[in-house]
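Please look through the sequence and the 3D structure shown below before reading on. A set of questions, each with a reasoned answer, comes after them.

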2 protein chains.
Amino acid sequence: MSKHDLRVVKTKERIHYALTECLKEKPLSRIKITELCKTANINRGTFYFHYQEVGDVFMEFFEEIMEDLKDSYEEPYRHNVFLDVKNLDPDTVRIFHHIKKYEDFYSVIFSEKVSISYYYMFFDAVKEVLEKDPHSEKIDGPRDFFFSYTSNAIIGLIIEWYRRGFRDSAEDMSRNLVFILKKGER
Amino acid sequence: MSKHDLRVVKTKERIHYALTECLKEKPLSRIKITELCKTANINRGTFYFHYQEVGDVFMEFFEEIMEDLKDSYEEPYRHNVFLDVKNLDPDTVRIFHHIKKYEDFYSVIFSEKVSISYYYMFFDAVKEVLEKDPHSEKIDGPRDFFFSYTSNAIIGLIIEWYRRGFRDSAEDMSRNLVFILKKGER
DNA sequence: AATTTTAATGTACACATGTTCAATAACATT
DNA sequence: AATGTTATTGAACATGTGTACATTAAAATT
């Protein structure tokens with residue numbers, strides 16, 4: 001399964017394209033392997049040569065998007081990761097802009113019936129961003145629990161956002177977050 | 001589909017029993033409808049008469065468990081719902097005991113590959129408990145966002161707990177939560 | 001350009017899904 | 001106990017899943 005074999009690159013391109021096409025028609029959970037292969041014009045056996053299920057294809061997209069999320073908090077940007085509540089400013093919160101950028105994809109992630117695996121992948125990515133924050137050094141107590149608590153709290157906001165059809169702007173969401181976080185600081 | 005028809009009661013009993021049996025053998029995601037029907041000794045057509053997929057059966061169990069969660073915060077218990085941070089005491093936090101009580105089920109809920117629907121059902125139940133708390137009156141700002149934030153934060157703790165195989169005691173978890181919450185109160 | 005490697009194809013098979021429908025038997029109602 | 005109702009059955013059919021394997025053709029290597 002040589003990753004750079006032109007044949008592999010081509011078929012994966014076809015399947016990726018086919019998935020985005022099918023996603024316009026129906027939810028991920030109702031897209032069949034057979035259907036995907038027909039759209040991609042590849043043999044069903046070829047699909048099984050690379051993947052196990054439709055979700056695996058989606059996962060490939062997802063990995064790229066998780067990289068974008070992590071990158072957006074990498075140097076040299078030094079965006080605020082909302083751990084330093086005292087100096088927290090809505091303008092420095094980047095995560096909601098990232099979600100807006102990939103709104104279509106996150107609509108799939110959070111949609112009913114899809115596997116919780118995507119949720120966990122997102123959860124872990126957010127957690128990683130938090131853990132890399134310089135201010136995370138100062139956290140005392142059980143670290144894993146704290147980061148899981150905080151990461152999932154942010155995602156709770158995003159679930160609410162999703163359920164409202166992502167109508168609020170990223171800026172609104174940043175303000176919501178800052179408002180909630182500053183509450184404990186009085 | 002008369003809910004109290006003895007025939008319906010019987011077949012549902014059989015299917016419920018079959019599901020618990022199958023869950024001992026393999027994860028929910030790999031249990032086939034055909035298999036479930038064979039174990040339950042019912043016709044496959046009968047299954048489709050009541051459900052669409054295996055997950056729907058599991059959902060029925062789940063609904064009962066969500067009722068238990070809500071009940072555990074109903075009158076006359078008046079357990080603390082961690083919104084009143086100042087008077088928060090680990091002994092009054094009930095949710096982690098509820099999880100421990102149904103540990104096997106929550107192990108399914110949080111396991112990879114299962115539908116995110118269960119997660120949302122749990123999320124909504126936790127949120128409902130929070131919203132019914134007397135102290136929720138005092139919350140200012142966007143309420144939905146606040147409750148989604150807080151509910152999912154708790155669930156973040158539980159995810160971490162799950163990933164550690166629920167080894168910590170419910171009391172440990174209550175202490176973890178109180179520790180995190182009190183941090184902002186200094 | 002010739003050779004080696006291996007991804008992709010086509011075919012086949014056993015089994016699962018999802019739907020339909022007439023016949024039956026279990027149930028509720030009177 | 002007779003009646004009407006409907007959940008359940010069994011059978012059938014088209015389609016999807018998952019796996020296997022020999023064949024073919026595209027790509028990498030020499």
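The questions below deal with a predicted model, and they go from the chains to single residues.

Q: By what rotation is chain B superposed on chain A?
A: When chain B is laid on chain A, the shift along the rotation axis is 0.0 Å and the RMSD is 0.1 Å. The two copies are thus related as by a two-fold rotation axis. The rotation that superposes them is 179°.

Q: What share of the interface residues of chain B are also interface residues in chain A?
A: The copies meet through the same surface, and this follows because the interface residues of chain B recur as interface residues in chain A. The share that does so is 98%.

Q: How far apart are the end C-alpha atoms of residues 32–51 of chain A?
A: The UniProt record, an unreviewed entry, places the feature "DNA-binding region" at residues 32–51 of chain A. In the model this span is 75% helix and 0% strand. Its end C-alpha atoms lie apart by 13 Å.

Q: Which residue of chain B meets D144(A) in a salt bridge?
A: D144(A) lies in helix α8 of chain A, while its partner lies in the loop between α8 and α9 of chain B, so the pair joins two chains. D144(A) is partly exposed at 32% relative accessible area, and the partner is also partly exposed, at 28%. With N and O 3.6 Å from each other, the salt bridge is made by the side chains of D144(A) and R164(B).

Q: How many residues apart are E74(A) and K132(A), and which parts of chain A do they link?
A: The side chains of E74(A) and K132(A) meet in a salt bridge, with 3.8 Å from N to O. E74(A) is in the loop between α4 and α5, whereas K132(A) is in helix α7, and the pair thereby links distant parts of the chain that are 58 residues apart.

Q: Is K132(B) buried or exposed?
A: K132(B) forms a salt bridge with E74(B), the closest N and O atoms being 3.8 Å apart. E74(B) counts as partly exposed, because its relative accessibility is 32%. For K132(B) the relative accessible area is 54%, and a residue over 50% is called exposed, so K132(B) is exposed.

Q: Which helix gives the largest share of the lining of the largest cavity?
A: A search of the whole structure finds 1 cavity of 30 Å³ or more, and about 30 Å³ of space lies in the largest cavity. Its lining is formed by Y73(B), V81(B), F82(B), I95(B), V126(B), V129(B) and L130(B). The largest share, 3 residues, comes from α7(B).

Q: Is F166(A) buried or exposed?
A: F166(A) lies in the loop between α8 and α9 of chain A, and it has a positive phi of about 55° although it is not a glycine. Its relative accessible area is 4%, and the cut-off for the inner class is under 20%, so F166(A) is buried.

Q: What is the relative accessibility of K113(B)?
A: K113(B) lies in the loop between α6 and α7 of chain B, and it too is not a glycine, yet has a positive phi of about 80°. K113(B) counts as partly exposed, because its relative accessibility is 45%.

Conventions
Residues are numbered from 1 along each chain as its sequence is written. Chains are lettered from A and ligands numbered from 1 in the order in which they are written. This is a predicted model: local features need pLDDT of at least 70, side-chain atom pairs count only at pLDDT 80 or more; totals for chains, interfaces and linings use all residues. Side-chain values use heavy atoms; hydrogens and water are left out. UniProt positions are given in the numbering used here, feature names are shortened, and annotations may be inferred rather than shown by experiment. Helices (H or I, at least four residues) and strands (E, at least two) are DSSP runs, numbered from the N terminus. Copies are superposed by least squares on the C-alpha atoms of residues with pLDDT of at least 70 in both. Contact means heavy atoms within 4.5 Å. A salt bridge is a side-chain nitrogen of Lys or Arg within 4 Å of a carboxyl oxygen of Asp or Glu. Buried means under 20% relative accessible area, exposed over 50%, partly exposed in between (1.4 Å probe, protein chains only). On a 1 Å grid over the protein atoms alone, a cavity is a set of points where a 1.4 Å probe fits but cannot get out, and a pocket is an open set with protein on both sides within 12 Å along at least five of seven lines; lining residues have an atom within 4 Å of a point. Grid points are joined across faces, edges and corners, and a volume is the space filled by probe spheres set on the points.
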